[in-house]
Amino acid sequence: MSQYIERYQRRKLISSYFSVVLSIALVLFLLGALGLLVINTKKLADHFKEQITISVFLKDNAKPIEIDQLQKSLALANYTKSADYVSKEDAAEQYSEDIGENFTEFLGYNPLKNSVDVNLKADFVSPGQIEEIANDIASKTYVDEVSYDKPLISLLNENVRKISLWILVASAAFTLIAVLLINSSIRLSIYSKRFIIKTMQMVGATKTFIRRPFIWTNIKLGMLGATLALIALGVVLYYVNATFPELNLFQDLVVLAALFVGVFGLGVIISWASTHIATQRFLNLRTDDLYY
């Protein structure tokens, strides 16, 4: 009978520890994932901004040397990420592939123009700066037209501002939720041992002596939960970086290391604080109040 009770108590204890570790791991994983999103918000926004293309269409009488000088000057400009020359023949071939038929045979001639496609650096993708750049390029005599999607640029910048704001708000709210969830899990674990705490106090044990094993146990559980969360976070980070290599998520290793240390430290700190508060609460209760 005593062995059965002992096995039951052991299973109950393991189940309690497992639930605490699992809750800590899940909450810290989600918090870490949100932290990665916050860190890479600008990088993601920059990636989309740099997909914006300014098409510089050239006049038919533009000389090859003028085209070459324009392409090189644009490539060397401080606002340029890339500048690629597209001949009218290449443009016609690409357009024919897009529509599924050779439109030049139908028309009898190629109406397209030679062009230079310019992708700007993210810091220069704003309505005012792009308009200034476009006007400067259009002032050249051999440039026929400078075309870009004005509504898309305005919409992109507006959405980036909104998303950044909401991500910061969500980060603050989720951090608070994470603290409350981990605190609740640990409090429930301590609640199941409230009679043991009161018994130790009644036989003369000091509050510090009573708290110490509970704090140390839950700190270890917090460290284990944080470790599991970081392993899962590392796997997700590796997968996302392999799927979208252009984001280069491992570029800022110091920032990533600081995030991982912060998540681990948060798990330890919350575990310590929650255990200290929970044990102190039951230490201050009267014996009769333990039944409610």
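Is threonine 80 buried or exposed? With a relative accessibility of 6%, threonine 80 counts as buried, where buried stands for under 20% relative accessible area, exposed for over 50%, and partly exposed for what lies in between (1.4 Å probe, protein chains only). The model is a predicted one, in which local features need pLDDT of at least 70 and side-chain atom pairs count only at pLDDT 80 or more, while totals for chains, interfaces and linings use all residues. Residues are numbered from 1 along each chain as its sequence is written, and side-chain values rest on heavy atoms, with hydrogens and water left out.

**Around threonine 80**

Threonine 80 belongs to strand 2; helices (H or I, at least four residues) and strands (E, at least two) are DSSP runs, numbered from the N terminus. When its neighbours within four places in sequence are left aside, threonine 80 is in contact with Leu74, Ala75, Val118, Asn119 and Lys121, contact being defined as heavy atoms within 4.5 Å. With one of these residues, leucine 74, the distance is also given for single atoms: a polar atom of the threonine 80 side chain lies 2.6 Å from the backbone oxygen of leucine 74.

**The aromatic pair**

A pair of aromatic rings is described by the distance of the centres and the angle of the planes. Rings of Phe, Tyr and Trp (its six-membered ring) pair if their centres lie within 6.5 Å, and planes under 30 degrees apart count as stacked, over 60 as edge-to-face and the rest as tilted. By this rule the model has one aromatic pair. The ring centres of tyrosine 79 and phenylalanine 124 are 6.3 Å apart and the planes stand at 65°, so the pair is edge-to-face. It links distant parts of the chain, since tyrosine 79 is in the loop between helix 3 and strand 2, whereas phenylalanine 124 is in the loop between strand 3 (115-120) and helix 6 (127-138), 45 residues apart. Tyrosine 79 counts as buried at 13% relative accessibility, and phenylalanine 124 counts as partly exposed at 21%.

**Salt bridges**

A salt bridge is a side-chain nitrogen of Lys or Arg within 4 Å of a carboxyl oxygen of Asp or Glu, and by this rule the count is three.

| Lysine | Acidic partner | N to O distance |
|---|---|---|
| lysine 81 | glutamate 50 | 3.6 Å |
| lysine 72 | aspartate 68 | 3.3 Å |
| lysine 162 | glutamate 158 | 3.2 Å |

Lysine 81 lies in strand 2 (residues 80-86) and glutamate 50 in the loop between helix 2 (41-49) and strand 1 (53-58), so this pair ties together parts that are 31 residues apart in sequence. Lysine 81 counts as exposed, at 52% relative accessibility. Lysine 72 and aspartate 68 are four residues apart in helix 3 (residues 64-76), and are therefore separated by about one helical turn; lysine 72 is partly exposed at 47%, and aspartate 68 is partly exposed at 36%. In helix 7 (residues 150-191), lysine 162 and glutamate 158 are likewise four residues apart, which means a separation of about one helical turn. Lysine 162 is partly exposed at 44%, as is glutamate 158 at 35%.

**A nonpolar patch**

On the surface, Leu224, Leu228, Ile231 and Val235 form a nonpolar patch, with about 360 Å² of accessible area together. Patches are made of residues with over 30% relative accessible area and no salt bridge, like charges being joined within 9 Å and nonpolar side chains (Val, Leu, Ile, Met, Phe, Trp, Tyr) within 5 Å. Accessible areas come from the Shrake-Rupley method with a 1.4 Å probe, and for residues only the protein chains shown count as cover. Leucine 228 has its place in helix 9 (residues 207-243) and is partly exposed at 41% relative accessibility.

Key. Polar contact = N/O pair within 3.5 Å; in protein donor to acceptor, adjacent residues only side chain to side chain.
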